[in-house]
Amino acid sequence: MNGKKKKVVLSGMRPTGPLHLGHLTGALRNWIKLQDEYDCFYSIVTWHAFSSEYQNPEAIREYTFEYAADWLSIGLDPDKSVLFIQSEVKEHAELHLLLSMIIPLPWLQRVPTFKEMQREVPDKDLNTYGFLGYPVLQTADIIIYKADVVPVGEDQAFHLELAREITRRFNRLYGNVFPEPQILLTEVPKLAGTDGRKMSNSFGNAIYIKDPPEVIRKKISTMTTDTRRKRRTDPGVPEDCPVFSLHKAFVSKEKRKELAQGCLSAGIGCLECKDVVIERLIDILSPFWEKRKLLEKNPQLVWKILEEGNKKARDVAQKTMKDVRSAIGL
Ligand code: TRP
Ligand code: SF4
């Protein structure tokens, strides 16, 4: 130990559906790596889930457990990182309220996801005060831990820019309370779902981390391939094949090169090519399934770990809120 304080990382996920391979490649693999170098806070952001799922809040609790079980099984380590539930640290709500007073409305009205989500999810009424304030709550999540670094995917870049702007505005008004959080963009190969579109819970095309081997086998063996390969003798182009996006994320470079050549020359069939990634995924996920089974048998352990995380998060958040209240003078 050199006594130097580690930088702080914070990130979060909305518990709105089971975790899939895109979460693994897009976030979790990176989060696991960061654990050794930073003080990490990883939050299950229940209030953010509530902002779109307010008509069906029971699901949020169910997925909170699922997320925690998945996180722990895949390698997030409660001895290294603080794993916690956003809505169990009420200080986020107080900071959100205070920030909401200082943010000019146009800053929020120009957030692209606000309009987009309303268009893409027409069955939910997302034209609400709370949903407009989604990025304000996200800012509170980050700066309440004085986070230096926020690892997120590209889809979150706008929210993070806004978080930085809000932080600057707060500091200008009341003094330097918060570091300006840096964005750590996760470089991710785009992962395709079973229908060839981007893998996403809302498209129903996802391969879940907890899918048993036979389900993984079935989903991948019926997955769309490059349309040029109608017959076994037709050559294909791996770059245009949704299955190959899985190879890029999970299969070694050498093996991939060999398969790509086989595809381009029609030397191998799609089933053979798919088998490689199926077996590889089963290898990678097997230890995860085993750990997860143990946790499912012992749900109290999962809740206990979360409670300990909540407490650690609360300690930090309460300290920050003292600074905030004294800076503002309220
Ligand atoms: N908005 C993020 C998403 O949809 C989730 C999130 C909430 C978050 N609070 C955060 C991410 C704080 C990073 C930091 O993915
Ligand atoms: Fe896709 Fe592999 Fe078939 Fe080529 S051989 S089209 S990369 S599944």
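This report walks through a predicted model of a protein with a bound ligand, starting at the ligand and moving outward.

## Around the ligand

Let us begin with ligand 1. Its surroundings hold 13 residues, and the ones that come nearest are His 48, Tyr 134, Gln 138, Asp 141 and Gln 156. By type, this shell divides into 6 nonpolar, 5 polar and 2 charged residues.

Several side chains offer polar atoms to the ligand. In the side chain of Tyr 134, an N or O atom is 2.7 Å from a nitrogen atom of ligand 1. For Asp 141, a polar side-chain atom is likewise found 2.7 Å from a nitrogen atom of the ligand. Gln 156 has a side-chain N or O atom 3.0 Å from a nitrogen atom of ligand 1. Taken alone, the ligand exposes 370 Å², and the protein buries 89% of that area. Strand 1 (8-13), helix 8 (134-143) and strand 4 (149-152) are the elements that each give two or more residues to the shell. Of these contributions, the one from helix 8 is the most, at 4 residues.

## His 48, beside the ligand

Now take a look at His 48, one of the residues that come nearest to ligand 1. You can find His 48 in helix 2, which covers residues 46-53. Is His 48 buried or exposed? With a relative accessible area of 2%, His 48 is buried, because buried means under 20%.

His 48 also has company from other parts of the chain. Setting aside residues up to four places away in sequence, His 48 touches Arg 14, Gln 86, Tyr 134, Leu 137, Gln 138 and Asp 141. With Gln 86 there is a polar contact between the two side chains, at 3.3 Å. Tyr 134, Gln 138 and Asp 141, touched by His 48, are also among the residues that come nearest to ligand 1.

## Strand 3, covered on both faces

Strand 3 spans residues 81-85, and 5 of its 5 residues are buried, so the strand is largely enclosed by the rest of the structure. Which residues lie on each side of strand 3? On one side are Ser 81, Leu 83 and Ile 85, and on the other are Val 82 and Phe 84; with all of them buried, both faces are covered.

Strand 2 (residues 39-44) runs parallel to strand 3, and 5 bridges join the two. As an example to look for, Ile 44 has Ile 85 of strand 3 as its bridge partner.

## Leu 34, at the end of a helix

Helix 1 runs over residues 21-34, and Leu 34 belongs to it. Leu 34 counts as buried because its relative accessibility is 8%, which is under 20%. Beyond neighbours within four places in sequence, Leu 34 is in contact with Val 9, Cys 40, Tyr 42, Pro 151 and Leu 184.

For a sense of scale, compare Leu 34 with Arg 256: they are 222 residues apart along the chain, and their C-alpha atoms are separated by 27 Å.

## Helix 11 and its neighbours

Helix 11 covers residues 242-250, and 8 of its 9 residues are buried, so this helix is largely enclosed by the rest of the structure. The buried ones are Pro 242, Val 243, Phe 244, Ser 245, Leu 246, His 247, Ala 249 and Phe 250. They pack against helix 1, helix 10 (213-221), helix 12 (253-264) and helix 13 (270-297).

One residue of helix 13 deserves a visit: Lys 274. Lys 274 is buried because its relative accessible area is 6%, under the 20% limit. Apart from neighbours within four places in sequence, Lys 274 is in contact with Ile 220, Ser 221, Thr 222, Met 223, Thr 225 and Val 243. A polar atom of the Lys 274 side chain lies 3.2 Å from the backbone oxygen of Ile 220.

## Two loop residues with positive phi

Most residues other than glycine have a negative phi. Against that background, Lys 146 has a positive phi of about 50 degrees although it is not a glycine. Lys 146 sits in the loop between helix 8 and strand 4, and is partly exposed at 27% relative accessible area.

Ala 266 also is not a glycine, yet has a positive phi of about 55 degrees. Its place is in the loop between helix 12 and helix 13. Ala 266 counts as buried, with a relative accessibility of 14%.

Definitions and conventions
Residues numbered from 1 in each chain as written. Chains lettered and ligands numbered in written order. Predicted model: local features only at pLDDT ≥ 70, side-chain atom pairs only at ≥ 80, totals over all residues. Heavy atoms only, no water. Near = heavy atom within 4 Å. Polar contact = N/O pair within 3.5 Å; in protein donor to acceptor, adjacent residues only side chain to side chain. Areas by Shrake-Rupley, 256 points an atom, 1.4 Å probe, with all protein chains shown as cover. Nonpolar A, V, L, I, M, F, W, Y, C, P; charged D, E, K, R; others polar. Buried < 20%, exposed > 50% of the residue type's maximum accessible area, 1.4 Å probe, protein only. Contact = heavy atoms within 4.5 Å. Pairing = 2+ DSSP bridges.
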